[in-house]
Amino acid sequence: MRATRSSWVALLAGLCLAGGTWLVLPEPPRPALAHKEPHTSEQLKLFQDLFMEQVGIGDLLFHGDAETERRLGVTLSKTGWACAMCHPYASDTHPAQFPKWQEQMSKFATLRDMINWCIEKPNEGEAIDPDGPAMKALEAYITWSNRNSPLQPGVH
Ligand code: HEC
């Protein structure tokens, strides 16, 4: 006879009872904390405006704007080269391919690792806080510039 799901449950329950223990049922899940209401168009616009504000700051940083670097307390380059000189329109930055094995660092690296690598190596600048405002703005600009690129994580 093929064992059905209910016969297995009955067998399990029987074994538990025979052993003097009770089946302990898992606790019901706590209420989900995710949003249930769809966002309003005003909220969506606010999110987009915030994102584009960061893209704008990243654009300035990527093009070596000294005032923005000073305001955020970062030194992205000491060679006079800005990111955009080697990566015009954020070309060859491949945000959609991270994380991936990065030979230069001999490690499985994130986009932020690679941004800091470029700041320290070709630019001879000072590595920035991976969670700081300059990093988030650079990431926003790089991602926005590469929008519509196919997502190929892990690919070189
Ligand atoms: C002098 C030229 C030069 C400058 C300036 C430069 N980079 Fe790069 N960048 C490179 C080279 C070379 C690579 C390595 C490409 C490779 O691994 O094939 C690279 C790789 C990268 C990558 C990873 C691409 C990948 O898929 O591996 C990112 C992201 C990046 N640079 C961001 C930046 C940022 C942000 C700046 C400015 C802070 C910057 N780069 C400045 C030359 C430069």
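In the predicted model, the iron atom of the ligand is coordinated by two side chains of the protein, His87 through NE2 and Cys118 through SG, at 2.0 to 2.1 Å. The site has six donor atoms, and with angles of 87 to 179 degrees among them its geometry is octahedral. For six octahedral donors, the ideal angles at a metal are 90 or 180 degrees. The two coordinating residues are 31 residues apart and link distant parts of the chain, since His87 belongs to the loop between α4 (83-86) and β1 (100-102), whereas Cys118 lies in helix α5, which spans residues 111-120. The two residues also fall into separate classes of accessibility: His87 has a relative accessible area of 16% and is therefore buried, because the class takes in values under 20%, while Cys118, at 22%, counts as partly exposed.

Apart from the metal site, the structure holds one aromatic pair. This pair is formed by Phe62 and Tyr141, whose ring centres are 5.0 Å apart and whose planes stand at 45 degrees, so that the arrangement is classed as tilted. Phe62 is located in helix α2 (residues 41-62) and Tyr141 in helix α6 (residues 133-145), and with these positions 79 residues apart in the numbering the pair links distant parts of the chain. Both rings belong to buried residues, as Phe62 has a relative accessibility of 2% and Tyr141 has a relative accessible area of 4%.

Aromatic rings are also met by charged side chains. Lys100 lies over the face of Phe98, at 4.6 Å from the ring centre, and the charged end of Arg147 sits over the ring of Trp144, at 4.2 Å from the centre of that ring.

With regard to the overall fold, the secondary structure of the protein comprises six helices and two strands, which follow one another from the N terminus in the order α-α-α-α-β-β-α-α. Of the contacts in the protein with a separation of 6 or more, 57% are accounted for by residues 24 or more positions apart; the linkage of helix α2 with helix α6 through Phe62 and Tyr141 spans 79 residues. Of the 156 residues of the protein, 26% count as buried, among them His87 of the iron site and Phe62 of the aromatic pair. The accessible surface of the protein amounts to about 11500 Å², and 61% of this area belongs to carbon and sulfur atoms.

Technical notes:
Residues are numbered from 1 along each chain as its sequence is written. This is a predicted model: local features need pLDDT of at least 70, side-chain atom pairs count only at pLDDT 80 or more; totals for chains, interfaces and linings use all residues. Side-chain values use heavy atoms; hydrogens and water are left out. Donors are N, O and S atoms within 2.8 Å of the metal (3.2 Å for Na, K and Ca); water is not among the atoms, so sites may look incomplete. Four donors count as tetrahedral if all angles lie between 85 and 135 degrees; four count as square planar and six as octahedral if opposite donors are over 155 degrees apart and all others between 65 and 115; anything else is irregular. Helices (H or I, at least four residues) and strands (E, at least two) are DSSP runs, numbered from the N terminus. Buried means under 20% relative accessible area, exposed over 50%, partly exposed in between (1.4 Å probe, protein chains only). Rings of Phe, Tyr and Trp (its six-membered ring) pair if their centres lie within 6.5 Å; planes under 30 degrees apart count as stacked, over 60 as edge-to-face and the rest as tilted. A charge sits over a ring if NZ of Lys or CZ of Arg is within 6 Å of the ring centre and within 35 degrees of the ring normal. Contact means heavy atoms within 4.5 Å. Accessible areas come from the Shrake-Rupley method with a 1.4 Å probe; for residues, only the protein chains shown count as cover.
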